Amino acid sequence: MSVGLGLPIARPEALLTWARRADEGPFTTLGLLDRLTYDNPEPLVTLATLAGATSRVRLQTEVLLAPLREPVLLAKQAATLDRLSGGRFTLGLGVGGRADEFDLVGADLRTRGRRLDEQMKIMRGIWAGGPVGPAPAREGGPEVLFGAFAEAALDRVARWGDGFLCAAPIAWAARLFDHVRTSWAEAGRAGKPKMVAQVNVALGGGSTVDEAKAAIVDYYGFAGDFAAQNAERMLTTPAAIRAAVAEFTALGADEVMLYCWSPDADQVHRLADAVG
């Protein structure tokens with residue numbers, strides 16, 4: 001089982017330390033979320049910086065809100081990051097859902113799924129040798145994962161992606177994994193989709209956990225009860241983290257991302273010890 005590390009957003013200046021420590025440890029991937037109207041670092045710029053500070057660990061958007069972006073430039077940015085990192089970049093994509101962010105860029109929230117399909121057609125064409133360079137390190141473009149919950153969105157994995165990023169609780173995951181696998185097979189895709197699970201974590205004393213829970217509630221505050229539910233489901237002990245990794249492994253996950261909401265860089269070592 002591969003275990004990745006989701007990076008906190010509260011102290012961007014500390015992320016180089018996080019990345020260097022993670023690159024020395026057992027983690028396979030560094031993930032970073034995306035929001036527009038929030039005090040978080042821009043993920044592509046940040047991951048490009050972290051690519052230069054690491055040599056082994058993969059770099060992943062988790063997830064980038066593609067419908068808020070122009071696809072030709074996004075294709076160029078993703079290919080550049082893939083090239084400069086030596087093929088270590090994974091482009092995790094989602095549609096988003098905050099009306100204020102879509103209004104800010106003049107995009108239509110109601111057609112975001114259709115827009116993402118159109119964007120993927122454009123980007124796949126560019127990565128296959130279109131007029132915009134540089135060519136990505138990985139033939140055909142960087143690895144692409146889709147984060148989704150609805151069936152129509154899950155089907156996008158088979159149409160355009162390499163795998164699925166599951167940010168749902170373990171109780172939902174089996175159904176989502178099964179749908180992605182079935183859709184993949186029905187589309188005639190060779191091999192199997194990559195399955196990546198995500199859980200929210202923080203390890204330490206009560207104040208550390210309280211700070212992490214407050215951060216996740218603030219981040220998801222627009223989603224009402226969902227914010228409190230996410231905080232409640234946060235894993236805060238090594239035993240709970242190991243159990244979640246084992247459960248997702250049993251469901252067929254290829255990787256589990258431990259998304260950490262505490263900005264303390266000591267979390268890297270604590271989480272590494274927790275997963276061995």
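## Salt bridges in the model

A salt bridge is a side-chain nitrogen of Lys or Arg within 4 Å of a carboxyl oxygen of Asp or Glu. In this predicted model, Asp117 and Arg156 form such a pair through their side chains, with an N to O distance of 2.9 Å. Asp117 belongs to helix 5 and Arg156 to helix 7 (residues 156-160), so the salt bridge links distant parts of the chain, 39 residues apart. Both Asp117 and Arg156 are buried.

A search of the whole structure finds 15 salt bridges. The sections below describe some of them, and then turn to a pair of helices.

## A second partner for Asp117

Asp117 also meets the side chain of Arg159 in a salt bridge, at 3.1 Å from N to O. Asp117 lies in helix 5 and Arg159 in helix 7, so this pair ties together parts that are 42 residues apart in sequence.

Is Arg159 buried or exposed? Its relative accessible area is 43%. Buried means under 20% and exposed means over 50%, so Arg159 counts as partly exposed.

## Arg124 and Asp162

Helix 5 takes part in another salt bridge through Arg124, whose side chain meets that of Asp162 at 3.6 Å, N to O. Asp162 is in the loop between helix 7 and strand 7 (163-166), and the two residues are 38 residues apart.

Arg124 has a relative accessibility of 18% and therefore counts as buried. Asp162 is buried as well, with a relative accessible area of 16%.

## A network of four residues

Which residues are joined into one network by salt bridges that share partners? They are Arg58, Glu143, Lys194 and Glu255.

## Helix 3 against helix 5

Two packed helices are described by the angle between their axes and the distance between the axes. Helix 3 spans residues 71-84 and helix 5 spans residues 112-127. Their axes come within 9 Å and cross at roughly 50 degrees. Angles under 35 degrees count as roughly parallel, and those from 65 to 115 as roughly perpendicular; helix 3 and helix 5 are therefore oblique to each other. Their crossing is right-handed.

On the helix 3 side, the contact is made by Pro71, Val72, Leu74, Ala75, Ala78 and Ala79. These meet Arg115, Gln119, Ile122, Met123, Ile126 and Trp127 in helix 5. By type, the residues of this contact divide into ten nonpolar, one polar and one charged.

Note on methods: Residues are numbered from 1 along each chain as its sequence is written. This is a predicted model: local features need pLDDT of at least 70, side-chain atom pairs count only at pLDDT 80 or more; totals for chains, interfaces and linings use all residues. Side-chain values use heavy atoms; hydrogens and water are left out. Axes are lines fitted to C-alpha atoms, for helices over the stretch in contact, and angles run from 0 to 180 degrees between N-to-C directions. Helices (H or I, at least four residues) and strands (E, at least two) are DSSP runs, numbered from the N terminus. Angles under 35 degrees count as roughly parallel, over 145 as roughly antiparallel, 65 to 115 as roughly perpendicular and the rest as oblique. A crossing is left-handed if the near helix is turned anticlockwise from the far one by less than a right angle, and right-handed if clockwise. Contact means heavy atoms within 4.5 Å. Ala, Val, Leu, Ile, Met, Phe, Trp, Tyr, Cys and Pro count as nonpolar, Asp, Glu, Lys and Arg as charged, and the others, Gly among them, as polar. Buried means under 20% relative accessible area, exposed over 50%, partly exposed in between (1.4 Å probe, protein chains only).
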